[in-house]
Amino acid sequence: MTDREELQYVQYHSSKESTYLAAIRQLISNDLSEPYSIYVYRYFLYQWGDLCFLALDEHDSMLGVVISKLEPHRGGPMRGYIAMLAVKKEHRGRGIATKLVRMAIDVMIERDADEIALETEVTNTAAMKLYERLGFLRSKRLHRYYLNGNSAFRFVLFVKESAFTSRLGYDENDKDEDQPELPPSA
């Protein structure tokens with residue numbers, strides 16, 4: 001495939017499960033270190049299939065996939081979560097992953113996400129660069145997070161200012177106790 005050939009970017013739909021599920025599982029199992037069961041895929045795809053996007057070539061072969069979800073986080077902000085992202089090795093460096101993640105982010109923002117989170121292995125420098133280019137910030141290191149023993153970084157994209165300031169413990173209605181109250185202007 002040359003760079004001039006167009007890829008199709010499509011939103012997953014449950015009516016296409018028999019067409020896409022096996023290819024999604026194969027692509028992700030080749031690229032990610034976690035061994036996900038069929039139930040994990042179905043958990044995401046049945047509830048948030050509309051937050052899953054696929055990159056297909058002209059023969060409908062899958063080149064990339066992003067699987068995401070969006071739900072209230074601990075009774076607080078609406079948190080989007082990018083659970084899985086994979087692109088076939090021979091097609092990396094063409095912007096496929098960036099396009100897939102942006103598509104997921106755009107839908108999450110349309111649905112009122114306050115923030116979007118994900119984890120990636122500390123050794124996956126390409127993924128970390130991708131997420132940082134998209135505005136994600138490293139929020140914490142998770143020691144031995146993955147089953148293979150590797151640690152992860154959690155990344156967060158603060159979509160709304162309120163999500164960011166609440167993480168800092170800042171409330172715009174609070175008065176700064178260190179500052180004296182100024183008299184009203186005359």
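The paragraphs below lead through a predicted model of a protein chain, from its overall pattern to a few of its contacts.

A good place to begin is the chain as a whole, whose secondary structure comes to five helices and seven strands. Read along the sequence, these elements follow the pattern β-α-α-β-β-β-α-β-α-β-β-α, and it helps to keep that order in mind while turning the model. Of the 186 residues in the protein chain, 42% count as buried. How much of the contact in this chain joins residues at least 24 apart, if we consider pairs at least 6 apart in sequence? The share is 62% of the contacts between residues at least 6 apart.

The pair of helices H1 and H2 gives a concrete case to study. Helix H1 covers residues 17-31 and helix H2 covers residues 38-48. The axes of H1 and H2 come within 11 Å, and they cross at roughly 125 degrees. Are H1 and H2 parallel or oblique to each other? An angle over 145 degrees would count as roughly antiparallel and one from 65 to 115 degrees as roughly perpendicular, while the remaining angles between these classes count as oblique; H1 and H2 are therefore oblique to each other. The crossing of these two helices is also right-handed.

Looking at the side of each helix that faces the other, the reader can find the residues that meet. From H1 come Glu-17, Leu-21, Ile-24, Arg-25, Ile-28 and Ser-29, while H2 brings Ile-38, Tyr-41, Arg-42, Leu-45 and Tyr-46. Sorted by the character of their side chains, the residues of this contact divide into seven nonpolar, one polar and three charged.

Two residues on that list, Arg-42 and Glu-17, deserve a closer look, since their side chains meet in a salt bridge with a distance of 3.3 Å from N to O. Arg-42 lies in helix H2 and Glu-17 in helix H1, so this pair ties together parts of the chain that are 25 residues apart in sequence. The C-alpha atoms of Arg-42 and Glu-17 are separated by 9.6 Å. Once its neighbours within four places in sequence are left aside, Arg-42 is in contact with Glu-17, Leu-21 and Gln-47. How exposed are the two partners of the salt bridge? Arg-42 is partly exposed, with a relative accessible area of 30%, whereas Glu-17 has 17% relative accessibility and counts as buried, because buried means under 20%.

The salt bridge between Arg-42 and Glu-17 belongs to a count that comes to nine salt bridges. Another of them involves Lys-160, whose side chain meets that of Asp-112 in a salt bridge of 2.4 Å, N to O. This pair links distant parts of the chain, 48 residues apart: Lys-160 is in the loop between strand S7 (152-158) and helix H5 (161-168), and Asp-112 is in the loop between helix H3 (96-110) and strand S5 (115-121). Both residues are partly exposed, with a relative accessible area of 27% for Lys-160 and 43% for Asp-112.

The side chain of Lys-160 also meets that of Asp-114 in a salt bridge, at 3.4 Å from N to O. Here too the pair links distant parts of the chain, 46 residues apart, with Asp-114 in the loop between H3 and S5. Which residues are joined into one network by salt bridges that share partners? They are Asp-112, Asp-114 and Lys-160. Within this network, Asp-114 counts as buried at 13% relative accessibility.

Asp-112 returns once more when the backbone is examined, for its phi is near 75 degrees, a positive value in a residue other than glycine. Asp-60 is a further example of a positive phi in a residue other than glycine, with a value near 65 degrees. Asp-60 is found in the loop between strand S2 (53-56) and strand S3 (62-72), and at 46% relative accessibility Asp-60 counts as partly exposed.

How values were computed:
Residues are numbered from 1 along each chain as its sequence is written. This is a predicted model: local features need pLDDT of at least 70, side-chain atom pairs count only at pLDDT 80 or more; totals for chains, interfaces and linings use all residues. Side-chain values use heavy atoms; hydrogens and water are left out. A salt bridge is a side-chain nitrogen of Lys or Arg within 4 Å of a carboxyl oxygen of Asp or Glu. Helices (H or I, at least four residues) and strands (E, at least two) are DSSP runs, numbered from the N terminus. Buried means under 20% relative accessible area, exposed over 50%, partly exposed in between (1.4 Å probe, protein chains only). Axes are lines fitted to C-alpha atoms, for helices over the stretch in contact, and angles run from 0 to 180 degrees between N-to-C directions. Angles under 35 degrees count as roughly parallel, over 145 as roughly antiparallel, 65 to 115 as roughly perpendicular and the rest as oblique. A crossing is left-handed if the near helix is turned anticlockwise from the far one by less than a right angle, and right-handed if clockwise. Contact means heavy atoms within 4.5 Å. Ala, Val, Leu, Ile, Met, Phe, Trp, Tyr, Cys and Pro count as nonpolar, Asp, Glu, Lys and Arg as charged, and the others, Gly among them, as polar.
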